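Please walk me through this structure, taking the charged pairs and the core in turn.

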Amino acid sequence: MKVATYFLLAGCLVLVGCGGGMDATGPTVSWSGTVTMGGKPLPDDLSQAVIQVRAKEQGANTAQPVQGEITKGRFALERVPQGVVIVRVILERKTGKVIREASGETFEEIVNLVPSSKRSGFEMVADKSDSDVQIAL
């Protein structure tokens, strides 16, 4: 039984990898640039600021989705899938307010600052490496 378990575990590791991230299997580019909101720099008091990019048509480019942190309104991403992509930005801020649930559990209130029209993502074209990508929310 132990031998069967070992082979099952080894087979799973071969199928899914060891969690180190896969190499892109499609064409990619490098992107860096800035994110602004309402034409102004992002606020400094964000609890989370992340950019995620994936190919719009998964069959057209099999490069893996990428994500990175936005620091002081700037980001840098390697291995962005080349072509039409969906960009999603997450900007959250703690309000300082504590919420108490009916169960008695408490948590800090967090608000999403991204305009609702862009929360699920928006299209951009990643046709070449670019060090001046401008994302206006």
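In this predicted model, Glu108 has a relative accessible area of 39% and is therefore classed as partly exposed, since that class covers the range between the limit for buried, under 20%, and the limit for exposed, over 50%. Glu108 forms a salt bridge with Lys94, and the closest N and O atoms of the two are 3.6 Å apart. The pair links distant parts of the chain, with Glu108 in strand E7 (residues 106-112) and Lys94 in strand E6, 14 residues apart. Lys94, with a relative accessible area of 43%, is likewise partly exposed.

The salt bridges in the model come to 3 in number. One of them joins Asp45 to Arg93, where the closest N and O atoms are 3.2 Å apart. Because Asp45 lies in the loop between strand E2 (40-41) and E3, while Arg93 belongs to strand E6, this pair ties together parts that are 48 residues apart in sequence. Asp45 is partly exposed at a relative accessible area of 46%, and Arg93, at 26% relative accessibility, also counts as partly exposed.

Another salt bridge is formed by Glu123 with Lys56, the closest N and O atoms being 2.6 Å apart. Here Glu123 sits in strand E8 and Lys56 in the loop between E3 and strand E4 (66-69), so the two tie together parts that are 67 residues apart in sequence. Glu123 counts as partly exposed at 48% relative accessibility, and Lys56 is partly exposed as well, with a relative accessible area of 34%.

From these charged pairs we can turn to the nonpolar interior. The largest nonpolar core has 23 residues, and those with the most contacts inside it are Trp31, Val87, Val89 and Ile135. At least two residues of this core come from each of strand E1 (28-37), strand E3 (48-55), strand E5 (74-81), strand E6 (83-100), strand E8 (122-126) and strand E9 (130-136). Of these, E6 gives the most, with 4 residues.

Val87 offers a way to follow the core from one residue outward. Once its neighbours within four places in sequence are left aside, Val87 is in contact with Trp31, Ile51, Gln52, Val53, Gly121, Phe122, Met124 and Ile135. Among these partners, Trp31 and Ile135 are themselves named with Val87 as residues that have the most contacts inside the core.

Strand E1 also holds buried residues that are polar in their side chains, and Thr34 is one that lies in this strand. Thr34 counts as buried because its relative accessibility is 17%, which falls under the 20% limit. Not counting residues up to four places away in sequence, Thr34 touches Gly73, Arg74, Phe75, Val133, Gln134 and Ile135. With one of these, Gln134, the side chain of Thr34 makes a polar contact of 2.8 Å. The C-alpha atoms of Thr34 and Asp132 are separated by 7.3 Å, although the two residues are 98 residues apart along the chain.

Ser32 has its place in strand E1 too, and at 17% relative accessibility Ser32 counts as buried. Leaving aside its neighbours within four places in sequence, Ser32 is in contact with Phe75, Ala76, Asp130, Ser131, Asp132 and Val133. Phe75 and Val133 thus appear among the contacts of Ser32 and also among those of Thr34.

Notes
Residues are numbered from 1 along each chain as its sequence is written. This is a predicted model: local features need pLDDT of at least 70, side-chain atom pairs count only at pLDDT 80 or more; totals for chains, interfaces and linings use all residues. Side-chain values use heavy atoms; hydrogens and water are left out. A nonpolar core is a set of buried Ala, Val, Leu, Ile, Met, Phe, Trp, Tyr and Cys residues joined through side-chain atoms within 4.5 Å. Buried means under 20% relative accessible area, exposed over 50%, partly exposed in between (1.4 Å probe, protein chains only). Contact means heavy atoms within 4.5 Å. A polar contact is a pair of N or O atoms within 3.5 Å; within protein, one must be able to donate a hydrogen and the other to accept it, and residues adjacent in sequence count only if both atoms are side-chain atoms. A salt bridge is a side-chain nitrogen of Lys or Arg within 4 Å of a carboxyl oxygen of Asp or Glu.
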